[in-house]
Amino acid sequence: MTATLPEDVQSVFARFVTTEYTTIDSAGHPITWPVTPYYSPSAGAIDVTTGIGYPKKARDAQANPRVALLFSDPTGCGLDSPPAVLVQGTAKVDDADLDANQERYASESSEKLPATQSMYPPKPLRGLFRWYLARIYVYVRPERIYVWPRGDFAAEPQLLDARVEEVRSGRSEEPEVSPESPEGGSEAWDGRMDELGARYPTAVLALVAPDGFPFAVRVPIEVDRAAHRVRITAEPPGAPLQAGLACLTAHAHHPEFRWQRNFQVRGDLVRERDGWALVPHRLIGGMELPPGGALARYRGNLAKMRRWRRTAKRELRRRAGG
């Protein structure tokens, strides 16, 4: 199926170091995290993966298989002015054989990101990191593909529809769904939000489109601290922006993935007099490996690692019927 897509689109799937993967949780909230994509044209899907210690990326896709992959950060891909690509697709979760998935992940990640192999724990200690090394795969079958030539989100995207393997008019044939209303309630501000617009001049905005699929697009942003708003400074053409639940994700990585930073802000997308803005309700940090030594990284992630190990133990007990 994907083998019929333009070569430059397939090259993006194969060569990008990260893709912004969006699921929809049980409350109807879009959630976006950067992950590494794995792609083979013969497979007909784009694969992403998560650790058994933080399985939400997979569990949400099991409950609601409508997901999205946005390829908007070309850092490290080696392509000259590649397009940005949004895949709206149907997810299938593979967690039947964690050992086989772990072996596959070790092989694929070493091939795609060889520089990361030096960051792996020594073999005698890897049992302590099963929460990360035991993998759940998610296969994303493309249904609809948007393409922004040269990664220009200020232009209208082109639409390719992989469901029927032909270009259609661009009009969605999915029945419309009512968007989840804004959460409302008290606004929350985290000091790290000040990085938005400064360290991160753009971020990935995700929402649930009228057809029920997540829609994600990279937008320019600036912080209005006094008003507790993150302003969308330019509305992307063709994006189905509507008031409701939204997620804004910022991330960056080394070209060889020797370090990575990421966090997301969940809140309400609202239309105001001067344009669109995100009203933040919660900031969540992901698995981060900032520049620096291994000891500092372990120390910075220690609390998260303890939580991920507890989650992995629960998941493994559940699988064993205990």
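Visitor: Before we turn to particular residues, what counts as a helix or a strand here?

Guide: Helices and strands are DSSP runs, of at least four residues for a helix and at least two for a strand, numbered from the N terminus. The model is predicted. In it, glutamate 288 belongs to the loop between strand 14 and helix 5.

Visitor: Is glutamate 288 buried or exposed?

Guide: The general idea is a cut-off: buried means under 20% relative accessible area. Glutamate 288 has a relative accessible area of 11%, and is therefore buried.

Visitor: Which residues is glutamate 288 in contact with, leaving aside its neighbours within four places in sequence?

Guide: The contacts are Arg192, Gln260, Arg261, Asn262, Asn301 and Lys304. For asparagine 262 there is a further detail: the glutamate 288 side chain reaches its backbone nitrogen at 2.8 Å.

Visitor: How should I read strand 14, and with which strand does it form a hairpin?

Guide: One reads a strand through its burial and its bridge partners. Strand 14 spans residues 275–285, and 8 of these 11 residues are buried. The hairpin is formed with strand 13, with 2 residues between the two strands. Strand 13 (residues 260–272) pairs with strand 14 in the antiparallel sense over 10 bridges; in this pairing glutamine 264 has isoleucine 284 as its bridge partner in strand 14.

Visitor: How many bridges join strand 11 to strand 14?

Guide: There are 2, and the two strands run antiparallel, strand 11 covering residues 229–232. Valine 230 stands opposite leucine 278 of strand 14.

Visitor: How much space lies in the largest pocket?

Guide: Rolling a probe the size of a water molecule over the atoms reveals where empty space remains. In this model, the largest pocket holds about 1,200 Å³. It is lined by 48 residues, of which Tyr54, Tyr132, Gln260, Met287 and Trp308 are the closest to its centre. Elements that give two or more residues to this lining include helix 3 (98–112), strand 13, strand 14 and helix 5 (294–320).

Visitor: Which element supplies the largest share of the lining, and how do the lining residues divide by type?

Guide: Helix 5 supplies the largest share, with 9 residues. By type, the lining comprises 23 nonpolar, 16 polar and 9 charged residues.

Visitor: Where is serine 109 placed, and is it buried or exposed?

Guide: Serine 109 is in helix 3. Its relative accessible area is 2%, so this serine is buried. Not counting residues up to four places away in sequence, serine 109 touches Tyr38, Pro114, Thr116, Gln117 and Tyr120.

Terms used:
Residues numbered from 1 in each chain as written. Predicted model: local features only at pLDDT ≥ 70, side-chain atom pairs only at ≥ 80, totals over all residues. Heavy atoms only, no water. Buried < 20%, exposed > 50% of the residue type's maximum accessible area, 1.4 Å probe, protein only. Pairing = 2+ DSSP bridges. 1 Å grid on protein atoms, 1.4 Å probe; cavity = no way out; pocket = protein on both sides within 12 Å on 5 of 7 lines; lining within 4 Å. Points joined across faces, edges and corners; volume = space filled by probe spheres on them. Nonpolar A, V, L, I, M, F, W, Y, C, P; charged D, E, K, R; others polar. Polar contact = N/O pair within 3.5 Å; in protein donor to acceptor, adjacent residues only side chain to side chain. Contact = heavy atoms within 4.5 Å.
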